[in-house]
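Reader: I'd love a close look at one part of this model, followed outward to whatever surrounds it. Could you walk me through it as one connected story?

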Number of protein chains: 4
Amino acid sequence: MQKVKTRIHEILNGVSTEDAHAGIFHVFIITLIFLNVFAVILETVESLSSRYAILFKAFDTFSVFVFTVEYLLRLWTCTTDKRFRGTIKGRLRFAVNPFALVDLMAILPFYVPMFLPLDLRFIRALRLFRLLRILKMGRYSDSLRTLGNVLNEKKEELLIAIFAVLILLVVASSFIYFVENAAQPEAFSSIPEAMWWGVATLTTVGYGDIYPITSLGRFLGAIVAILGVGTIAIPAGILTSGFAREIQRKYGKRDICPHCGKDMNEPPENSSNNG
Amino acid sequence: MQKVKTRIHEILNGVSTEDAHAGIFHVFIITLIFLNVFAVILETVESLSSRYAILFKAFDTFSVFVFTVEYLLRLWTCTTDKRFRGTIKGRLRFAVNPFALVDLMAILPFYVPMFLPLDLRFIRALRLFRLLRILKMGRYSDSLRTLGNVLNEKKEELLIAIFAVLILLVVASSFIYFVENAAQPEAFSSIPEAMWWGVATLTTVGYGDIYPITSLGRFLGAIVAILGVGTIAIPAGILTSGFAREIQRKYGKRDICPHCGKDMNEPPENSSNNG
Amino acid sequence: MQKVKTRIHEILNGVSTEDAHAGIFHVFIITLIFLNVFAVILETVESLSSRYAILFKAFDTFSVFVFTVEYLLRLWTCTTDKRFRGTIKGRLRFAVNPFALVDLMAILPFYVPMFLPLDLRFIRALRLFRLLRILKMGRYSDSLRTLGNVLNEKKEELLIAIFAVLILLVVASSFIYFVENAAQPEAFSSIPEAMWWGVATLTTVGYGDIYPITSLGRFLGAIVAILGVGTIAIPAGILTSGFAREIQRKYGKRDICPHCGKDMNEPPENSSNNG
Amino acid sequence: MQKVKTRIHEILNGVSTEDAHAGIFHVFIITLIFLNVFAVILETVESLSSRYAILFKAFDTFSVFVFTVEYLLRLWTCTTDKRFRGTIKGRLRFAVNPFALVDLMAILPFYVPMFLPLDLRFIRALRLFRLLRILKMGRYSDSLRTLGNVLNEKKEELLIAIFAVLILLVVASSFIYFVENAAQPEAFSSIPEAMWWGVATLTTVGYGDIYPITSLGRFLGAIVAILGVGTIAIPAGILTSGFAREIQRKYGKRDICPHCGKDMNEPPENSSNNG
């Protein structure tokens with residue numbers, strides 16, 4: 001039994017890349033996640049949801065069944081991991097780790113309406129929660145982990161950039177509100193309303209549903225548009241440099257130290273001989 | 001008394017990071033500034049300002065009281081600083097330094113209508129001036145200082161970029177005015193009007209309130225749009241590289257080589273043995 | 001005969017840059033490709049296509065004639081190349097290599113309607129296929145090959161970025177659908193419809209044909225717009241760095257140190273004297 | 001007389017930065033150029049041009065007088081320069097150098113209508129040509145020269161990027177034309193019309209005057225929008241890196257060679273001692 005448990009744990013967590021069963025299992029789960037997201041999207045199309053209602057329901061039930069089995073197996077086998085030793089305490093510790101919570105959130109919306117009387121609107125919202133199954137990707141996708149690393153490493157720079165954008169947004173929206181309010185009392189009825197214009201302008205989206213029409217307002221708007229390009233592009237640049245570094249680290253493009261001529265990305269050989 | 005004064009000066013200026021009182025004071029002031037900005041924004045929403053008029057007024061009075069006390073304490077204790085020695089001369093010199101002026105501007109709009117008879121529109125403008133309290137952040141926020149450093153260091157590059165954009169804007173707007181004026185005499189009634197189109201196009205905001213409709217105008221517009229992307233992105237790139245450098249300097253990510261432990265960004269010491 | 005064949009093969013494939021005939025042939029073919037693309041574009045303009053129908057037809061026939069002769073000559077002479085030895089087997093291997101397939105696709109749409117009875121709409125589609133002649137450029141254009149190299153080298157980073165954008169797109173569109181569906185049941189009738197808004201916002205195109213109008217929707221939209229700028233700019237940054245590297249490699253800007261004349265991008269030779 | 005000529009030549013060309021007269025002259029000319037551009041812009045505003053017609057005329061006459069004197073003095077003193085030796089031949093050679101041509105173009109539109117009978121529309125066009133006086137800045141502005149250097153150095157990369165964008169534009173516009181033509185026969189009446197949409201989408205300007213409405217068209221449009229961001233941002237990135245390098249060269253931020261540890265931007269000292 002212990003052997004079966006260890007084997008299942010291996011397959012679920014795919015320790016080795018040569019494990020064929022783990023490989024098949026991973027591809028199967030990732031495909032299922034993608035199909036689920038696709039199903040949630042298509043189900044909102046009236047013509048499809050009414051015609052294929054039974055198919056959508058069947059696929060959802062099947063997916064939840066698979067994800068539930070996966071969750072229970074993980075819960076059963078988690079004690080194999082050193083971090084989660086202990087029949088109950090270990091399992092509880094496992095259940096509150098972020099990955100396990102995401103797995104739970106992926107199936108819970110299916111079971112909740114069975115036990116609780118909910119009004120229809122709430123159930124519809126719950127259906128959308130199935131999209132959270134996309135978060136299960138985090139466990140399997142290397143790419144998303146790279147993205148996470150980049151965001152984590154650059155968080156200080158990003159916070160500064162976002163902070164600067166927010167201040168610019170508040171200042172720009174307040175000025176434009178004050179200038180345009182008289183000419184367009186509906187479009188620029190308050191600073192929060194003006195901030196909708198501010199975001200559309202600073203991000204250069206420019207829907208065109210709201211824009212200044214007075215000369216002073218246009219002058220201000222022009223300055224905001226120009227400043228906005230600069231300010232918003234900063235996070236982009238920060239992320240880019242972070243990405244480049246992360247990729248370099250991962251795919252081992254060499255980086256030579258000018259002092260000793262060795263590759264920066266290789267671990268230092270035991271330097272005991274140097275002394 | 002001198003001791004109290006020195007202590008207050010320390011708290012106000014937060015010399016040491018281990019000073020708990022200074023820490024509490026800073027968090028309190030920053031929170032108050034944020035709440036003030038929030039209040040100014042919300043007060044422009046008709047439904048809120050009419051219902052909670054008294055609350056807004058009370059909060060504003062309280063904030064001004066705190067900021068006034070802060071300002072007076074700063075004025076009183078500034079003589080502790082070597083730069084502002086001298087009971088009157090030192091305090092005057094302190095009062096005209098940028099940070100003190102910002103502090104004064106944050107409270108003045110409250111007191112002015114008490115002493116001067118002003119028309120309503122001017123008072124409404126003054127209310128917006130309360131937003132300038134956001135500038136007080138400059139004293140406390142590390143992030144804003146980083147941004148300031150970056151802007152300062154890269155000002156030559158930025159000026160070149162802005163200058164190039166302005167010339168492109170003038171030339172593009174003049175051409176489009178000449179080409180489109182006949183077909184759309186209202187939208188492109190003059191070069192300044194055409195510049196509103198120019199800014200929206202060069203920044204890629206593209207509200208869609210004004211755009212060329214003739215073939216030649218569209219051809220020109222297409223070229224401007226393509227050029228614009230290139231020209232506007234330059235300040236973004238400049239700021240990005242400046243940011244990266246500033247952050248590196250600050251957080252001391254020193255790029256240590258794992259083999260020899262030396263800083264990658266310093267020149268290799270004179271390898272005198274080579275010759 | 002063998003000599004003629006070898007010479008034609010040389011001209012067609014332009015081995016040496018000093019070969020005047022090959023140079024003339026290349027310029028001629030590239031010009032013809034450009035004129036073809038131009039003709040296809042202009043032919044869709046009603047007023048031109050009706051007036052100059054015969055000219056367009058004549059030019060197309062001439063082009064297909066040239067491209068057919070080119071294709072047949074390539075097919076005949078390909079056996080000169082070691083890779084395609086063998087009268088029939090070699091030629092078949094040549095015919096299925098991507099460049100040869102593109103050459104075939106450039107002429108096939110002309111001959112198909114001669115042998116197969118097709119309805120008019122299909123023939124119109126075939127006409128557009130003539131645009132694929134632009135792909136013939138791949139054989140001649142250095143620039144396109146550089147672009148291809150860059151895309152190939154950076155494909156992992158680009159896939160991560162596109163994957164992140166797609167997830168953000170799905171999540172953003174689903175949320176906005178849920179929030180705006182009640183207020184705008186037509187514009188946001190389903191998640192796929194909402195994704196059209198999502199793409200326009202994330203790419204900052206912002207046509208303005210569809211946008212949130214509720215407060216919550218606008219709040220969400222603002223966050224998506226800000227996030228979008230960051231996420232979309234990543235592929236741009238990745239491509240940029242890839243481009244810079246490719247160009248450097250190609251034009252051999254070798255970053256020579258003016259003091260010691262060595263390449264900056266090569267590791268310093270083993271400074272064995274140091275130990 | 002020769003001394004006066006040499007002195008005027010010095011002032012006009014500002015050889016030394018310590019020359020006070022040359023400094024005053026440069027500031028005066030640059031100010032005049034800016035005021036001219038400003039005047040041309042303002043003159044297109046109906047209300048201003050009708051009220052201050054005489055002022056505009058007077059200022060234009062004064063400017064042309066100054067620029068004419070400047071041009072004649074340059075023509076007279078150019079023989080001081082070694083490159084333009086020779087009373088007539090030298091002056092002719094001077095007259096056709098780009099800077100002199102720009103100077104001539106800045107004054108010619110004023111004199112032409114005096115000697116040639118022109119219709120009104122042409123004269124209006126000539127008036128716009130006065131904007132070319134902005135090109136005179138090229139002689140005085142360091143910034144514009146930096147920009148020129150960057151564009152020159154990066155021209156290969158920029159050409160590749162523009163070429164790629166153009167191909168993408170043609171392909172995208174052709175596809176969208178084919179897909180949307182049936183649903184919107186007016187907006188997408190031909191490929192050239194569709195290219196207006198293509199430019200607005202690829203540059204992310206997105207005016208919103210023309211956009212796909214069919215499902216397939218929107219799917220295509222989404223892909224174009226996403227590709228566009230990547231393709232268009234490339235020239236921006238290229239320009240940015242070029243800028244960074246140019247500035248670095250100019251303001252001498254140090255760049256250390258990892259081989260010899262010397263500054264890359266300093267000229268190599270006479271390395272004769274090395275051998």
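Author: Happy to! Let's start at D:Tyr207, which counts as buried at 5% relative accessibility. Please keep in mind throughout that this is a predicted model.

To place this tyrosine, it helps to look at the aromatic rings. Over all chains, the count comes to 24 aromatic pairs. In one of them, B:Phe110 and B:Tyr111 have ring centres 5.4 Å apart and planes at 85°, so this pair is edge-to-face. B:Phe110 is buried, because its relative accessible area is 17%, under the 20% cut-off. Its partner B:Tyr111, at 24%, is partly exposed. Our own tyrosine is in another pair: the ring centres of B:Tyr211 and D:Tyr207 are 5.8 Å apart, and with the planes at 40° the pair is tilted. B:Tyr211 sits in the loop between α11 (191-202) and α12 (215-251) of chain B, while D:Tyr207 sits in the loop between α11 and α12 of chain D, so the pair joins two chains. What about exposure on the chain B side? B:Tyr211 is partly exposed, with a relative accessible area of 22%, whereas D:Tyr207 is buried. Chains A and C also have linked rings: A:Trp196, A:Tyr207 and C:Tyr211 form a cluster through ring pairs.

Now let's step back along chain D to the helix before that loop. Helix α11 of chain D covers residues 191-202, and its 12 residues should span 16 Å at 1.5 Å a residue; the end C-alpha atoms are 15 Å apart, which agrees with that expectation. How enclosed is this helix? Of the 12 residues of α11(D), 9 are buried, so the helix is largely enclosed by the rest of the structure. The buried set begins with D:Ile191 and D:Ala194 and then includes D:Trp196, D:Trp197, D:Gly198, D:Val199, D:Ala200, D:Thr201 and D:Leu202. After the helix comes D:Thr204, which has a positive phi, near 60°.

On the other side of the loop is helix α12 of chain D (residues 215-251), and D:Val224 is one of its residues. With a relative accessible area of 5%, D:Val224 is buried. Which residues does D:Val224 touch, once neighbours within four places in sequence are left aside? Its contacts are D:Ala172, D:Trp197, D:Thr201 and D:Leu202. Among these partners, D:Trp197, D:Thr201 and D:Leu202 also appear in the buried set of α11(D). For D:Leu202, the C-alpha atom is 6.7 Å from that of D:Val224, although 22 residues separate the two in sequence.

The loop before α11 has a point of interest too, this time in chain C. C:Asn181 is found in the loop between α10 (155-180) and α11 (191-202) of that chain, and it is buried at 16% relative accessible area. A polar atom of the C:Asn181 side chain lies 2.8 Å from the backbone oxygen of C:Phe188.

For another loop with a side chain reaching a backbone oxygen, go back to chain D. D:Thr80 lies in the loop between α4 (53-77) and α5 (89-95), and a polar atom of its side chain is 2.8 Å from the backbone oxygen of D:Thr77. D:Thr80 is partly exposed, at 23% relative accessibility. Not counting residues up to four places away in sequence, D:Thr80 touches D:Lys5, D:Thr6, D:His9 and D:Arg85. The link to D:Thr6 brings together residues 74 apart in sequence, with C-alpha atoms 6.4 Å apart.

What of the cysteines? B:Cys78 is buried at 2% relative accessibility, and D:Cys78 is buried at 1%. A search of the whole structure over all chains finds 0 disulfides.

Finally, chain A gives a wider view. Chain A has 12 helices and 0 strands. Of its 275 residues, 47% are buried. Among chain A contacts between residues at least 6 apart in sequence, 60% join residues at least 24 apart. The accessible surface of chain A is about 14300 Å², and 67% of that belongs to carbon and sulfur atoms.

Methods. Residues numbered from 1 in each chain as written. Chains lettered and ligands numbered in written order. Predicted model: local features only at pLDDT ≥ 70, side-chain atom pairs only at ≥ 80, totals over all residues. Heavy atoms only, no water. Helix = DSSP H or I, 4+ residues; strand = E, 2+ residues; numbered from the N terminus. Expected span 1.5 Å × (residues − 1). Buried < 20%, exposed > 50% of the residue type's maximum accessible area, 1.4 Å probe, protein only. Contact = heavy atoms within 4.5 Å. Polar contact = N/O pair within 3.5 Å; in protein donor to acceptor, adjacent residues only side chain to side chain. Disulfide = S-S within 2.5 Å. Phe/Tyr/Trp six-rings, centres within 6.5 Å; stacked < 30°, edge-to-face > 60°. Areas by Shrake-Rupley, 256 points an atom, 1.4 Å probe, with all protein chains shown as cover.
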